[in-house]
Amino acid sequence: MPLKDIRIIDLSRLLSGPYATMMLSDLGAEVIKVESPSGDDTRQFGPPYYHEWSSYFLSVNRNKKSISLDLKTEQGKDVLLKMIRTADVVIENFRPGTMERLGLSYETMKEYNPKIILASISGFGQYGSYSKKPGYDVLAQAMGGLMSVTGEKNGEPLKAGYSFADLGTGMWAAFGIMTALWERNKSGEGQWIDAALLDTIISWQTYLASNYFATGEDPKALGTEHPNIVPYQAFQASDGHFVIAIARDHMWHSFTAKIGIDILKDGRFNTNEGRVIHRNELIPLLENVFIQRSRQEWDDFFTDIGVPVGPVNKLSEILDDKHVKERDMVVNTKHQRYGETKSLGFPIQLSRTPGKIRSFPPELGEHTESILNDLGYDKEDIKSFLENGVVFDRTKVNTK
């Protein structure tokens, strides 16, 4: 696997950091999840549960090892620093300043491993006026402007249906880690990656920000409509909603020629510019047309003339879709006690070195003893660590 020689020490919890390390572990990196004695907070996020497992935790922690370590103890910190000596990457998503207070700053890590790459994820970054402010996904969506353009026209601001800021920042962190690893091959040096939820949301404003720079006007929520392209949105069919994306004028002319409704051939609608300007006149006309046929009929109609089209699916529909299964985007992972459980697949198809789901998410401290053994600690050391609360292993009651 492409990252089989990369070792990552994962101090992160919740969503953004674990999502980043899961993507890297899917590509073969050895990810050692370092958890407090109480574990990643998401182990308790529920219901729903899969047996005793939080479904939330399961979603982002496959292919990892777990060691439970109390970093507030000197022995715990010593163990971590020993781990860092042999690692390529450390990732954390504590509030800025926390790592320094623990005596685990980037400068300290560099003393133990000059080539170490540290990726820090936070709400607002490691510096700036808001850097010490606690940050969660919903706050980044609100402050970053996403909620102001999400929802129906003249409606209340809405957040996206899932955690765009967390997941997006996890992706940026993974991208930064891969970039830093590539650069290290040339320079021999590590570096510190600073990824922020607010920065992610702002960076994804793209054409909305460009529209604002051009006009000085704030973009508004348009439901499923597009501010620059018409029609490019959801419509009601006779049996549910579907989406079309007529992004080019030749698509529009193919549509009007095939549908054969004279009013849609009005010269005001011939170009995208005209359709954007006359959006309020055009959309009701289209709504009256599209309500007359089913989603499948419109799917067949538009696919035949090369216009992007698709149903507005519920999760149950798309996760049971034939195409999704053919793409291995829903896969089974086997657990030694509970059998097979479903999870989402790896989204990038690599022809020679594909991602792979190799193991179920770990129990808290499941690999504590084996990791300590690899670091050179003997049975008496491990027994002492367990008795003094430096480490924890849920799979064991007593040290053998």
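Let me start with one residue, glutamine 141, which, once its neighbours within four places in sequence are left aside, is in contact with Leu146, Met147, Lys159, Ala160, Tyr162, Ser163, Phe164 and Ile201. Please keep in mind throughout that what we are looking at is a predicted model. Glutamine 141 has its place in helix H6, which covers residues 137–143, and its side chain is joined to that of aspartate 137 by a polar contact of 2.7 Å. Is glutamine 141 buried or exposed? Its relative accessibility is 0%, and because anything under 20% is called buried, glutamine 141 counts as buried.

From there I would like to turn to strand S5, residues 64–69, where 5 of the 6 residues are buried, so that the strand is largely enclosed by the rest of the structure. Which strands does S5 pair with? Strand S2, residues 30–35, runs parallel to S5 and is joined to it by 5 bridges, and in this pairing isoleucine 32 stands opposite lysine 65. Strand S14, residues 391–392, pairs with S5 in the antiparallel sense over 2 bridges, with valine 391 of S14 as the bridge partner of leucine 69. As a general reminder, the strands of a sheet pair through backbone hydrogen bonds, and they may do so either parallel or antiparallel.

Elsewhere in the chain there is an open sheet of 3 strands, in the order S9-S10-S11, with antiparallel pairing. Strand S9, residues 232–237, and strand S11, residues 309–311, stand at the edges with a single partner strand each, and therefore one side of each has no neighbour in the sheet. On average, and ignoring direction, neighbouring strands of this sheet are turned by 25° against each other. Between S9 and strand S10, residues 240–245, there are 6 bridges in the antiparallel sense, and here phenylalanine 235 stands opposite phenylalanine 242 in S10. Helix H13, residues 295–304, lies across S9, S10 and S11, and it runs at about 165° to S11.

Finally, let us look at empty space. How much space lies in the largest pocket? The answer is about 1,400 Å³, and the lining of this pocket is made up of 37 residues, of which Tyr19, Ser59, Leu167, Ser343 and Leu344 lie nearest its centre. Among the elements that give two or more residues to this lining are helix H1 (16–26), helix H7 (164–187), strand S12 (330–335) and strand S13 (339–344).

Notes
Residues numbered from 1 in each chain as written. Predicted model: local features only at pLDDT ≥ 70, side-chain atom pairs only at ≥ 80, totals over all residues. Heavy atoms only, no water. Pairing = 2+ DSSP bridges. Helix = DSSP H or I, 4+ residues; strand = E, 2+ residues; numbered from the N terminus. Axes fitted to C-alpha atoms, helices over the stretch in contact; angles between N-to-C directions. Contact = heavy atoms within 4.5 Å. Buried < 20%, exposed > 50% of the residue type's maximum accessible area, 1.4 Å probe, protein only. Polar contact = N/O pair within 3.5 Å; in protein donor to acceptor, adjacent residues only side chain to side chain. 1 Å grid on protein atoms, 1.4 Å probe; cavity = no way out; pocket = protein on both sides within 12 Å on 5 of 7 lines; lining within 4 Å. Points joined across faces, edges and corners; volume = space filled by probe spheres on them.
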